[in-house]
Amino acid sequence: MKINRFMIAAPKSGSGKTMITCALLQLLKDSGKNVSSYKCGPDYIDPMFHKKVLGVPSKNLDTFFTDEKTTVQLFLDKRADGDFAVLEGVMGLYDGLGGIYEQGSSYHLAKVTQTPIILVVDAKGMGKSVLALIAGFLQYDTQHLIKGVLLNRMSKGYYDIIKPLIEKELSVKVVGYFPEQKDIGLSSRHLGLVMPDELSDIKKQLNETADRLKKTIDMDLFIDIAEAADEIGDRENADVYNEKSIGNCDQNEFSQNKAINTVNIAVAMDEAFCFYYEDNLRMLEKCGAQLLYFSPLHDTELPDNCDALLLGGGYPELYAKELSKNVSMLNAIKKAFRAGMPTVAECGGFMYLHTYIRNICDDNDEKNNADTQNNTDIQNDMNKSKLVGALDGGCHFKGKLVRFGYIELTEKHSNFLPPNEKIKAHEFHYYDSTDNGADCIATKPATGRSYDCVISHDNYWLGFPHLYYPSNPHFAESLVRKAYEYRRNKNGKLL
């Protein structure tokens, strides 16, 4: 299949990848290209900017989560000959698993998808040293994928001087520059960029960025690099969701007649809960589920006739007071959970099911006297928000990362996965629970270190890890099957 494409990567985080990527997506869209975007790695927020603000289809690709063949299939899914694709890298170009392995890096994804790379270099404060930096990245590029360099935060005057030196000495094209922009930029918080819905003028900012970038880059050169990308894969093997790829999904009784047997999964989706991998949702649909979106913030009850509940991650701590006031929804979810409705809750969704969230650091190591402790207890109570109460105890802000990075999960007792099988996941949270569970073993792939986590039983899987279903499609199959069994038992007959 001929997909015109390039990757925007950088030597390090904070080089301007997201702003540049968004601006390029806008320019390609404005030019009439059928453009889509992909985010390398497990980050949820960048794809939201692409989809919500720019209206460009976007999802994640990650070579730790999926093997090379599956990654290519996910890349090609829903694509057609002649489409344009922009891949946004993660961290530094060569930063992969554990910071030292190639797997999971932007470069590995570029290799697997045979994608040309545009290296965005933050050149502020640099002179000719920028050549040494670029030269080092070119030397590491064993596949010769770096086809262009964009110099960020550089003045036009110095660009005109340094560009010919780079092209002469390093034999790599310089596709343009971008001066420092002090009046536009994307804010961040502990989990990454702030959400697009939180920025009232974000569309205006990205349009302004695109207009400015258009004046300082060679857009024709970008397109030439994209169009020079090799063909990849073929149409016959482009669907990762065909029956060979997703196990026994198409053979299960619940998907034999989807017009009759479709099950309904209620999916929390609003400002507080919005961290979902696109391919997770698509895999549930392919297994026979209809997704019914609802808002724990704004709705007062669950969707009618729902057979399972999916509570994804997000920022419930930012909306804890509002969530606690929606008593009708809290009671509806608690009632459904206790009635045995199959439930998967990840990170923010897991926090939501607790009795409370406390939005204040509970590290009392420096509290040395009773008076200080009593004052702290009063302050803690004031910062507690009562939530669903399906789980005893609460979640507390720790003031630092509690868990971070990739893991592989194995159930101690087979429930959602076949015996001894693993599913891959990612953790990134500053809150901790009074009970993180002990029904699964999480193993860090780079070090082999392991620990217990997740509360899991016949009908629920609850914990901080964000799962990636394509790494083990049996998880999606199990959730849909449990939803089907719940519906059958609830109605006393097959529907």
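## A buried serine, a mixed sheet and two cores

Ser 433 lies in strand β21, which covers residues 431-433. The model is a predicted one. Ser 433 counts as buried because its relative accessibility is 9%, and buried means under 20%.

The side chain of Ser 433 has two polar partners to look at. One is the side chain of His 354, reached in a polar contact of 2.7 Å. Another is the backbone nitrogen of Asp 435, which the Ser 433 side chain reaches at 2.8 Å. His 354 also appears among the contacts of Ser 433 beyond four places in sequence. The others in that set are Phe 350, Gly 394, Cys 395 and Phe 464.

**The protein as a whole**

The protein has 495 residues, and 57% of them count as buried. Its secondary structure comes to 15 helices and 26 strands. Consider the contacts between residues at least 6 apart in sequence: 79% of them join residues at least 24 apart.

**The sheet around β13**

Six of the strands form an open sheet. Their order is β12-β10-β13-β15-β25-β24, and the pairing is mixed. Strands β12 (289-294) and β24 (455-457) form the edges, each pairing on one side only. From one strand to the next, the twist averages 15°. Helix α10, residues 278-286, packs on this sheet. The helix touches β10, β12 and β13, and its direction makes about 135° with that of β12.

Strands of a sheet pair through backbone hydrogen bonds, either parallel or antiparallel. Which sense does β13 use with β10? Strand β13 (residues 308-311) and strand β10 (residues 263-268) pair in the parallel sense, over 3 bridges. Val 267 has Leu 310 of β13 as its bridge partner. Ala 266 stands opposite Leu 309 in β13.

Next comes β15, residues 343-346. It pairs with β13 in the parallel sense, again over 3 bridges. Here Leu 311 has Ala 345 of β15 as its bridge partner.

Are the faces of β13 covered or open? Both are covered. Ala 308 and Leu 310 are buried on one side. Leu 309 and Leu 311 are buried on the other.

**Two nonpolar cores**

In soluble globular proteins, nonpolar side chains tend to be buried together. In this model, the largest nonpolar core holds 86 residues. Leu 150, Leu 151, Ile 166 and Phe 222 touch the most other members. Helix α1 (residues 17-30) gives the most to this core, with 8 residues. Where does the core lie? Domain 1 (4-228) and domain 2 (263-361 + 381-491) both give residues to it, so the core lies between them.

Leu 151 shows what such a position involves. Leaving aside neighbours within four places in sequence, Leu 151 is in contact with Val 121, Val 130, Ile 134, Tyr 159 and Ile 162, among others. Its contacts also include Ile 166, Val 174, Gly 176, Tyr 177 and Phe 178.

A second, separate core has 69 residues. Among them are Ala 266, Met 283, Val 388 and Ala 442. Ala 266 is the residue that stands opposite Leu 309 in the sheet.

**A lysine and a glutamate**

Two charged residues serve as further landmarks. Lys 59 lies in strand β3, residues 58-61. Lys 59 is buried, with a relative accessible area of 8%. Beyond four places in sequence, Lys 59 is in contact with Ser 37, Tyr 38 and Lys 39. Leu 74, Asp 77, Glu 278 and Asp 279 are also in contact with Lys 59.

Glu 301 lies in the loop between β12 and β13. Is Glu 301 buried or exposed? It is exposed, with a relative accessible area of 51%. Not counting residues up to four places away in sequence, Glu 301 touches Met 329 and Ala 332.

Each of these residues can be set beside a partner further along the chain.

| Pair | Apart in sequence | C-alpha to C-alpha |
|---|---|---|
| Lys 59 and Leu 87 | 28 residues | 9.8 Å |
| Glu 301 and Asn 326 | 25 residues | 9.7 Å |

Definitions and conventions. Residues numbered from 1 in each chain as written. Predicted model: local features only at pLDDT ≥ 70, side-chain atom pairs only at ≥ 80, totals over all residues. Heavy atoms only, no water. Pairing = 2+ DSSP bridges. Helix = DSSP H or I, 4+ residues; strand = E, 2+ residues; numbered from the N terminus. Axes fitted to C-alpha atoms, helices over the stretch in contact; angles between N-to-C directions. Contact = heavy atoms within 4.5 Å. Core = buried A, V, L, I, M, F, W, Y, C linked by side-chain atoms within 4.5 Å. Buried < 20%, exposed > 50% of the residue type's maximum accessible area, 1.4 Å probe, protein only. Domains from an automatic or database assignment. Polar contact = N/O pair within 3.5 Å; in protein donor to acceptor, adjacent residues only side chain to side chain.
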